[in-house]
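Biologist: Please take a close look at one part of this model, the ligand site, and describe it in a connected way.

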Amino acid sequence: ILVFTDLDGTLLDHDSYGFEAALPALTALKARNIPVVLNTSKTAAELLPLRQELDLHDPFIVENGAAIISDQAAPISPYLEQSNPTARVQQIAADYPPSLVLPQCDHSPVPWLRQQKSQFEFIGFSDMSVAEVADVTGLSAEKALQAKNRLFSEPLIWHDDMEALDQFRQRAATQGFRLVKGGRFWHLMAKSDKGLAMEKLSTVYQTIWQTQPVNIALGDGENDVAMLNKADYPVLVTNPAHSTPHVPETTTIITTRKHGPAGWNETILALLEQLTP
Ligand code: 2M8
Ligand code: MG
Ligand code: MG
């Protein structure tokens, strides 16, 4: 079994970013040696301290499926080859040697985005000061700085109308970029997603384990749908702070009763009961 999880609004509370309510399930997973793979919009810089707080040592996926990163010490590292050693990626690879950057993700959308300023009204994290990012996210200044340290994607606040957004989306597509909605922001990034990254990493585990992993995935937002669609046990964590993402009817989804980490906790404990009695 592998657990792939979104953070904001899923394992972390949408507002307080706390995870206390999920501790019993996290402990139960640890007791069974089940990897917990963080699969998030957040950056590698944000993930390093966070996974320490969570006491997690498994590989993790950053910036909406752009890259898979693993500790040198993790059993998976020999199988996770470093890829696309461009200048930007070297920056990440220096800190996390076994890192795999998914195809097309090896460059940031920010230079292209800057050129769009004259035609569309929006503001990205790279336009904002640390204090402004802290203000719009509710993160501390320290964490806001880590959120600004992006290699592959850019969160945006859209100020133009929806027609302009469609035009912007089409133009971005011609450059190989896509727009995806997170809990609070639009994210501009290359054409990867959390689902593709999950599949890639699951295949690596399959090689090591010599058996196909059962993939459990949990998320609350539109940017989680690609991952939920491909999971064996997709869990939609309810979040009253935004609209429910559209999941195709063909996906047999488990919807949590409680929100955020409390919903995460109850659902993982129930699934463990069912899958590892
Ligand atoms: C951004 O991502 C969230 C996740 O869904 C969002 O769009 O609301 C990212 O920039 C991430 O790096 C940051 O930590 C988070 C904080 O709310 O916002
Ligand atoms: Mg989320
Ligand atoms: Mg997210």
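Modeller: In what follows, Ala, Val, Leu, Ile, Met, Phe, Trp, Tyr, Cys and Pro count as nonpolar, Asp, Glu, Lys and Arg as charged, and the others, Gly among them, as polar. This is a predicted model, in which local features need pLDDT of at least 70, side-chain atom pairs count only at pLDDT 80 or more, and totals for chains, interfaces and linings use all residues. Residues are numbered from 1 along each chain as its sequence is written, chains are lettered from A and ligands numbered from 1 in the order in which they are written, and side-chain values use heavy atoms, with hydrogens and water left out.

By class, the shell around ligand 1 holds six nonpolar, five polar and five charged residues. Of these 16 residues (each with a heavy atom within 4 Å of the ligand), Tyr-17, Glu-46, Arg-150, Arg-184 and His-187 come nearest.

Polar contacts (pairs of N or O atoms within 3.5 Å) include one from the side chain of Lys-42, where an N or O atom is 3.0 Å from an oxygen atom of ligand 1. Arg-150 places a polar side-chain atom 2.9 Å from a ligand oxygen, while Arg-184 has a backbone N or O atom 2.5 Å from an oxygen of ligand 1. Taken alone, the ligand exposes 410 Å², of which the protein buries 98% (Shrake-Rupley method, 1.4 Å probe).

Ligand 1 lies between domain 1 (2-105 + 193-275) and domain 2 (110-190), because both give residues to its shell; the bounds come from an automatic or database domain assignment.

Note on methods:
Polar contact = N/O pair within 3.5 Å; in protein donor to acceptor, adjacent residues only side chain to side chain.
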